[in-house]
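Visitor: Could you take me on a close look at the pocket in this model? I would like to know what lines it and what lies around it.

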Amino acid sequence: IANAHQSQRDFNQAKMLYKRALRIQEKHYGDNHVQVAATLNNLANLYLSQGDYDQAKVLSQRALRVKEKHYGDSHVQVAATLNNIANAHQSQRDFNQAKMLYKRALRIQEKHYGDNHVEVADTLNNLANAHQSQGDYDQAKVLSQRALRIQEKYYGDNHVELAVTLNNLANAHQSLGDHNQARVHCRHALRILEKHYGDNHVEVTEVLNLLARA
């Protein structure tokens, strides 16, 4: 129920339900059970959505300790929580810490899934954003290109998941002064988003703004 409220952006109701679930789980399982960690992750993501990055980090770090104790340091469940903590650091513009956490998550995912899994692509995109934010546009481009190859192989050329990566690539190319290539990626992203959402979605307007600047 909390997940449904969060999807509808009813964050206060979702928060109340997650906290109630957490109290029940802690009473039943104790503080260090993986079910507790899962609810902590959900609650952390909610705080992240609300811009309360410090609380998101506190909850995610607690979830990480539980998962590391239960699964060990190199499990994909650990990687998911590392990504959550990194997202909070990135939102606070602590890009070096975010990159360190993304890279650790990436190593775990590559070891578990191989180099060409969509979970790997998601973390590559996150890492690319951190490099882009620090002005390391060449590395951002390399990481986004790798993410795009994985997604195209997995989803095909016109899936909505590609749009974020294409947008990232367009940003990197524009920052490097390659405006022609930036426009190519923008137009590809725009076709995908318009087909998926229609002409008047906020994500369409963001790509239109980028295309206008390219």
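Guide: Happily! In this predicted model, the largest pocket is lined by Leu48, Asn87, Gln90, Ser91, Tyr102, Asn126 and Asn129. Two elements each give two or more residues to that lining, namely helix 5 (76-91) and helix 7 (118-133). Helix 5 provides the largest share, with 3 residues. By type, the lining has 5 polar residues, 2 nonpolar ones and no charged ones. The space inside comes to about 210 Å³.

Let's start with Leu48, one of the lining residues. Leu48 sits in helix 3 and is buried there, as are, among others, Leu40, Leu43, Ala44, Leu46 and Tyr47. The buried set of helix 3 also includes Thr39 and Asn41. Helix 3 covers residues 34-49, 16 in number, and spans 23 Å from its first C-alpha to its last, close to the 22 Å expected at 1.5 Å a residue. Just after helix 3 comes glycine 51, with a positive phi of about 85°.

Now back to helices 5 and 7, which both help to line the pocket. The largest nonpolar core holds 20 residues, and Leu82 and Leu124 touch the most other members. Helices 5 and 7 each give two or more residues to this core, as do helix 6 (95-113) and helix 8 (137-155). Helix 6 makes the largest contribution, 6 residues. For a closer view of Leu82, set aside its neighbours within four places in sequence: leucine 82 is then in contact with Leu64, Leu101, Arg104, Ala105 and Ile108.

Definitions and conventions:
Residues are numbered from 1 along each chain as its sequence is written. This is a predicted model: local features need pLDDT of at least 70, side-chain atom pairs count only at pLDDT 80 or more; totals for chains, interfaces and linings use all residues. Side-chain values use heavy atoms; hydrogens and water are left out. On a 1 Å grid over the protein atoms alone, a cavity is a set of points where a 1.4 Å probe fits but cannot get out, and a pocket is an open set with protein on both sides within 12 Å along at least five of seven lines; lining residues have an atom within 4 Å of a point. Grid points are joined across faces, edges and corners, and a volume is the space filled by probe spheres set on the points. Helices (H or I, at least four residues) and strands (E, at least two) are DSSP runs, numbered from the N terminus. Ala, Val, Leu, Ile, Met, Phe, Trp, Tyr, Cys and Pro count as nonpolar, Asp, Glu, Lys and Arg as charged, and the others, Gly among them, as polar. A nonpolar core is a set of buried Ala, Val, Leu, Ile, Met, Phe, Trp, Tyr and Cys residues joined through side-chain atoms within 4.5 Å. Buried means under 20% relative accessible area, exposed over 50%, partly exposed in between (1.4 Å probe, protein chains only). Contact means heavy atoms within 4.5 Å. The expected span of a helix is 1.5 Å times one less than its number of residues.
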